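Work through the following exercises on helix faces and helix packing with the sequence and coordinates open beside you.

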Amino acid sequence: MVSSEATDQGREGADGVSALVAEAGRRARAASVGLMAAPDTVVDSALKAMADRLVAAEAQILTANSQDVEAARAGGMSSALQDRLRLDTGRLKAMADQLGLLAEAPFPASETFLRSLPGGLRLSERRRPVGVIGANFEARPNVTVDVASQLVKSRNAGVLRTGSAALTSASALYQHVIAPGLADVGLDPDAVQLLSDASRHSAVALVRQPDLIPLVILRGSGDATRSLGAEAARHGVRTLAHADGGGVLYVDAAADLTRATELLVAGLDRLGVCNRVNLVLVHGSIAEGALPAFQRALDELGVRASLAPYDHPVGYEWALDSGREATVTIAVVADLAEAVTIANTETSGLAATVVTEDEAAARRFIASAIGTGVFWNASTRLLDGFKLHGVPETGINVDHVPGPRGPVTFQDLFLRQYVVVPEDRPVASN
């Protein structure tokens, strides 16, 4: 039984963390005013400064990351999750290159004329930053830069929270890259806050600040993210949640088996990511020839095939199963309709690929699949902000409601505002 003293200490700890998060929200909100008013050139210069500092601070960042990786290894973290955590020279260069590309990405129009209204009036739609956006993510230090850069590009301030596994790396990226990159161009570094507390209390406190942090991006394992989403709803905080993943590969009766095998292998190049191949559905008429070919390919990759009868749901996400990430579920289906039904009802709805040489079948699949991404003879790994839009993403939203869905980028982090002015007195855009 927990003592009253321990309960009081836990409550005091939670209260202290809540105060820490609130203070970060206040500092970010104060700094957001300058960020919102910054010219495009200054915003892009901040991103370029971050890219330069990322390269210059390679030694410090990799030293910090090695501490995280060693602690994760000692703690028994699986190799696939360690891969998500690990940074190296190549990954840092890729992060810097992405910052440079983001700086070159055009800004969406801040105001769009819609139509003239009776009485000599003019109706326009403006895009306004949210103000302060929170973000919760786990053991992927590169996400610290991805999210921070997307917030800066959209002129939103932010409060970032990562788990303990990546906190040393994230702190180094914040101290050596993000904050000084903002300061280099005269922007207030308080615009992006990184919480120093990695406890569960800080994640919960982040979604309880509707007045300071009205929107929170949630990334992480399914159950933890869903519970945070429910907590946010209770406190009037909106979320963009990335809780579940897993790509579906449907191999149709008219599939080219060589192509199907190549797409299976391409979809398993990294096992700890959400858009990897998770479930393979094979048309029954070709299963006899396809299954042995797929098994050989999986054997070469060191990936286990989970075959019926299953001891798990058919859409179970292996990337979240520490120690069993090197697994793919394979199921035989009667036809395309059954494959679509499984993809739509028994998986997260992240991404689904149809492999077929039959155009009519491909179009039926595309018309019926309801996931955030649907592909024909292409890898589910393409469902990624950088691969689809040329810029990093803040996460992949699979909600079935209006709003940004699929890879969320800076172009989605705006509020819509209607502006009505006299026709002869248009208001200049920022």
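**Exercise 1.** In this predicted model, determine which residues of helix α10 (residues 257-266) are buried, and establish how they are placed around the axis.

*Solution.* Begin with relative accessible area, for which buried means under 20%; the residues of α10 that are buried are Ala260, Thr261, Leu263 and Leu264. These residues cover an arc of only 160 degrees around the axis, and therefore lie on the same side of α10. An α-helix has 3.6 residues a turn, so residues three or four places apart point the same way. Next, turn to the other side of α10, where Thr258 and Glu262 are exposed. Finally, look for what covers the buried residues of α10, which includes the strands β8 (247-251), β9 (277-283) and β12 (351-355), together with α11 (287-301).

**Exercise 2.** Classify the packing of helix α12 (residues 336-345) against helix α13 (residues 359-368), and list the residues that meet.

*Solution.* The two axes come within 10 Å and cross at roughly 25 degrees. Because angles under 35 degrees count as roughly parallel, α12 and α13 are roughly parallel to each other, and their crossing is right-handed. From α12, Leu336, Val340 and Asn344 meet Ala361, Arg364, Phe365 and Ser368 of α13. The residues of this contact divide into 4 nonpolar, 2 polar and 1 charged.

**Exercise 3.** Repeat the classification for helix α5 (residues 89-104) and helix α6 (residues 142-153).

*Solution.* Here the axes come within 11 Å and cross at roughly 10 degrees, and α5 and α6 are therefore roughly parallel to each other. The contact involves residues including Met95, Leu99 and Leu102 of α5, and Val145, Ser149 and Lys153 of α6; its residues divide into 5 nonpolar, 4 polar and 2 charged.

Terms used. Residues are numbered from 1 along each chain as its sequence is written. This is a predicted model: local features need pLDDT of at least 70, side-chain atom pairs count only at pLDDT 80 or more; totals for chains, interfaces and linings use all residues. Side-chain values use heavy atoms; hydrogens and water are left out. Axes are lines fitted to C-alpha atoms, for helices over the stretch in contact, and angles run from 0 to 180 degrees between N-to-C directions. Helices (H or I, at least four residues) and strands (E, at least two) are DSSP runs, numbered from the N terminus. Angles under 35 degrees count as roughly parallel, over 145 as roughly antiparallel, 65 to 115 as roughly perpendicular and the rest as oblique. A crossing is left-handed if the near helix is turned anticlockwise from the far one by less than a right angle, and right-handed if clockwise. Contact means heavy atoms within 4.5 Å. Ala, Val, Leu, Ile, Met, Phe, Trp, Tyr, Cys and Pro count as nonpolar, Asp, Glu, Lys and Arg as charged, and the others, Gly among them, as polar. Buried means under 20% relative accessible area, exposed over 50%, partly exposed in between (1.4 Å probe, protein chains only). The arc is that of the directions from the helix axis to the C-beta atoms.
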